[in-house]
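Hello,

As promised, I am passing a structure on to you. Please have a look through it when you get a moment, and then read my notes underneath.

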Amino acid sequence: MKPQLNPRYQSYVLSCMDDIPQLGRLSEARRLAMRALAHVLPFRTNSYVIDELIDWNNIPDDPIFRLTFPQPEMLEPADLARVSSLVRAGAAAQHIRAIADRIRLTLNPHPAGQLEHNVPRLDGTPLPGVQHKYKETVLFFPRRGQTCHAYCTYCFRWAQFVGMEGLKFAQRETETFHKYLRRHTEVTDVLFTGGDPLVMRAWHLRAYIEPLLGPKYEHIRHIRIGSKALAFWPYKFVTDPDADTLLRLFECVVASGRHLALMAHFTHPRELDTPIVRRAIERIRSTGAVIRTQAPLVRHINDSANTWAEMWRKQVQLGLVPYYMFVERDTGPKNYFEVPLADAHDIFRRAFRQVSGLARTVRGPSMSATPGKVVVLGTQEVKGEKVFILSFLRGRHREWVGRPFFARFDPHATWLDQLKPAFGERQFFFEEHADQEPPHVAACE
Ligand SMILES: *Cc1c(COP(=O)(O)O)cnc(C)c1O
Ligand code: SF4
């Protein structure tokens, strides 16, 4: 298959779901459920995902199908039935919306206040759209990058996409962001995240990035862009009208002596197989940018060691650098995607064992939790007690990094806050200094 020359980005949302011809393969009941689901959970996919990534001979089990089409198990049966019957009866939009809003609020859209926390201040005024949790790294959520080329069903940022009042990350101008960075010379890393900053036109992205290459920003050494565009819309780097401008921007960052990392979100090895994604990778690499890869481990989509090993192998083959395997956050749809930490570690280890040392740059499974990024190093039996061995990859306090600690083994635990200290201790060492500052976020970064 040759890459299409200049395909138009065709996105599909709820209102045009029925225009997706391939959905005709599903039963009428399943299609109704799908529409009902899309009233509650954000739904967006596109022509590339539909025509080139999903294996329609394998639905509904196909992992890429599950990646962008909401699944019935994501809602309580009673909730799904309720919305389905409204949709079937052709109820008024605002009536369905009211019910959908109520259901959504039960789905824990933003655990532990990720909207408000780690937001820095400039002259006393909070800078929404900026997060500064670790001294040398600033995260920026550009206003125009708060959507994606398609939506992952497992995304914990889904509240951002459904337009519920008060749930969106607030947004602000570039200027205050730049001013903040000029003042904070301890910052070496800037991470553009979203949504997906690469839904933006390249000239908009340039307005955020280019000033950082000039004087007063010498302290900024590493620029990262978290994006799933390579997986969801690789044409962005090849045939889109702004593709060349984007690559030129990458070249400028590299020419300024900075490290440019595209933190590419790949969920499944199939996303690496099309001719167009391969072409996009070549073009990005030719700018001198480094592509590092990361994804969460998600049940029903990529919860197998062979899938991860295959993905890492292909990535290294293509010149990409495996970076993080994340533990899926404890948010949203009914734990449908959750993988217990014990299983996550087992999958990680069995995948890690299969790959070359060149792919063992990857770390995980890692939780972006309140006190920091915590990796499960393993399980062990110590003097008759089965324990998890964990360690901080990133900690609110720098001294925490690389210090192993132990938790009582629990085969069902899925997140740090469900773990208890091992050996009869009352608390974990990092809880001694616990303050109120809650967690940060990271799917795509
Ligand atoms: C993961 C993360 C970073 C980046 O950490 P690295 O170890 O440099 O990859 C920065 N800020 C926050 C809040 C993060 O969660
Ligand atoms: S996980 Fe990333 S790419 Fe997927 S919907 Fe969420 S923000 Fe977008």
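Below is what turned up, starting with one arginine and moving on to the aromatic rings.

Please keep in mind that this is a predicted model.

A good place to begin is R258, in the loop that joins helix 9 (243–255) to strand 9 (259–265). R258 is buried but forms no salt bridge. How far away is the nearest side chain of opposite charge? That side chain belongs to E218, and the distance is 5.9 Å. A salt bridge would need the charged atoms within 4 Å, so R258 and E218 do not make one.

What does the side chain of R258 reach instead? One partner is the backbone oxygen of L212, at 3.3 Å. Another is the backbone oxygen of I220, which lies 2.6 Å from a polar side-chain atom of R258. Setting aside neighbours within four places in sequence, the residues in contact with R258 are L212, L213, G214, Y217, E218, I220, R221, I223 and V253.

Now for the rings. Across the whole structure, the search finds 31 aromatic pairs. Take Y336 and F337: their ring centres are 4.8 Å apart and their planes stand at 75°, so this pair is edge-to-face. Both Y336 and F337 are buried. Elsewhere on your tour, look for F392, W400, F405, F428, F429 and F430, which ring pairs link into a cluster.

Two charged side chains also sit over rings:

- R363 has its charged end over the ring of Y323, 4.9 Å from the ring centre.
- K386 has its charged end over the ring of F409, 4.0 Å from the ring centre.

Enjoy exploring, and best wishes!

Notes:
Residues are numbered from 1 along each chain as its sequence is written. Chains are lettered from A and ligands numbered from 1 in the order in which they are written. This is a predicted model: local features need pLDDT of at least 70, side-chain atom pairs count only at pLDDT 80 or more; totals for chains, interfaces and linings use all residues. Side-chain values use heavy atoms; hydrogens and water are left out. Helices (H or I, at least four residues) and strands (E, at least two) are DSSP runs, numbered from the N terminus. Buried means under 20% relative accessible area, exposed over 50%, partly exposed in between (1.4 Å probe, protein chains only). Lys and Arg count as positive and Asp and Glu as negative; His and the chain ends are not counted. A polar contact is a pair of N or O atoms within 3.5 Å; within protein, one must be able to donate a hydrogen and the other to accept it, and residues adjacent in sequence count only if both atoms are side-chain atoms. Contact means heavy atoms within 4.5 Å. Rings of Phe, Tyr and Trp (its six-membered ring) pair if their centres lie within 6.5 Å; planes under 30 degrees apart count as stacked, over 60 as edge-to-face and the rest as tilted. A charge sits over a ring if NZ of Lys or CZ of Arg is within 6 Å of the ring centre and within 35 degrees of the ring normal.
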